[in-house]
Amino acid sequence: MAKTNPITFIQQVRAEVSKVVWPTRREVLLTTVMVFVMTALTAAFFSLVDILIRSGLQGVLGLFG
């Protein structure tokens with residue numbers, strides 16, 4: 001691995017950081033809202049699946065119990 005001196009390293013880091021495109025406030029807000037919406041939909045889906053499995057299992061166990 002090649003060694004670079006600290007000044008060259010800092011210059012390279014600054015050059016790479018300047019290439020980063022930071023999201024706007026609107027983009028951050030939009031993606032945050034989408035994460036919350038998808039989380040709510042996922043929670044609702046798995047709750048429904050849980051209810052269906054539980055009622056089906058209780059029905060089957062009720063036949064034999």
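Phenylalanine 46 is exposed, with a relative accessible area of 53%, where exposed stands for over 50%, buried for under 20% and partly exposed for the range in between (1.4 Å probe, protein chains only). The model is predicted, and local features need a pLDDT of at least 70 and side-chain atom pairs 80 or more, whereas totals for chains, interfaces and linings use all residues. Residues are numbered from 1 along each chain as its sequence is written, and side-chain values use heavy atoms, with hydrogens and water left out.

**Exercise 1. Determine which residue pairs with phenylalanine 46 in an aromatic pair, and classify the geometry.**

Step 1: A search of the whole structure returns one aromatic pair, the criterion being ring centres (Phe, Tyr, or the six-membered ring of Trp) within 6.5 Å, with planes under 30 degrees apart called stacked, over 60 edge-to-face and the rest tilted.
Step 2: The partner is phenylalanine 45, and the two rings lie 5.1 Å apart centre to centre with 70° between their planes, which is edge-to-face.
Step 3: Phenylalanine 45 counts as partly exposed at 48% relative accessibility, while phenylalanine 46 counts as exposed.

**Exercise 2. Decide whether the protein chain is more spread out or less spread out than a compact globule.**

Step 1: The protein chain has two helices and zero strands, these being DSSP runs numbered from the N terminus (helices H or I of at least four residues, strands E of at least two).
Step 2: Its radius of gyration is 26 Å, well over the 11 Å from the globule rule for 65 residues, so the protein chain is more spread out than a compact globule; the radius is taken over C-alpha atoms, and the rule is 2.2 Å times the number of residues to the power 0.38.
Step 3: The C-alpha trace spans about 75 × 35 × 10 Å along its principal axes, and buried residues make up 0% of the 65 residues.
Step 4: Carbon and sulfur atoms hold 73% of an accessible surface of about 6,500 Å², computed by the Shrake-Rupley method with a 1.4 Å probe.

**Exercise 3. Describe the span that UniProt annotates as a "transmembrane region", and the nonpolar patch that includes Leu41.**

Step 1: The unreviewed UniProt entry places this annotation on residues 28–53, and such annotations may be inferred rather than shown by experiment.
Step 2: In the model, residues 28–53 are 100% helix and 0% strand, with 37 Å between the end C-alpha atoms.
Step 3: Leu29, Leu30, Val33, Met34, Val37, Met38 and Leu41 form a nonpolar surface patch, which together has about 650 Å² of accessible area; patch residues have over 30% relative accessible area and no salt bridge, with like charges joined within 9 Å and nonpolar side chains (Val, Leu, Ile, Met, Phe, Trp, Tyr) within 5 Å.
Step 4: Leucine 41, in helix H2 (residues 25–64), is exposed at 52%, whereas methionine 34, also in helix H2, is partly exposed at 43%.
Step 5: Methionine 34 and phenylalanine 9, which are 25 residues apart in sequence, have C-alpha atoms 38 Å apart.

**Exercise 4. Locate the salt bridges and give the accessibility of lysine 19, glutamate 16, aspartate 50 and arginine 54.**

Step 1: The whole structure contains two salt bridges, each defined as a side-chain nitrogen of Lys or Arg within 4 Å of a carboxyl oxygen of Asp or Glu.
Step 2: Lysine 19 meets glutamate 16 at 3.2 Å, N to O; lysine 19 is exposed at 58%, and glutamate 16 is partly exposed at 47%.
Step 3: Aspartate 50 meets arginine 54 at 3.4 Å, N to O, and both lie in helix H2, four residues apart, which is about one turn of the helix.
Step 4: Aspartate 50 is partly exposed at 43%, as is arginine 54 at 45%.

**Exercise 5. Place tryptophan 22 in the chain.**

Step 1: Tryptophan 22 lies in the loop between helix H1 (6–18) and H2, and at 63% relative accessibility it counts as exposed.
Step 2: Its C-alpha atom is 30 Å from that of lysine 3, 19 residues away along the chain.
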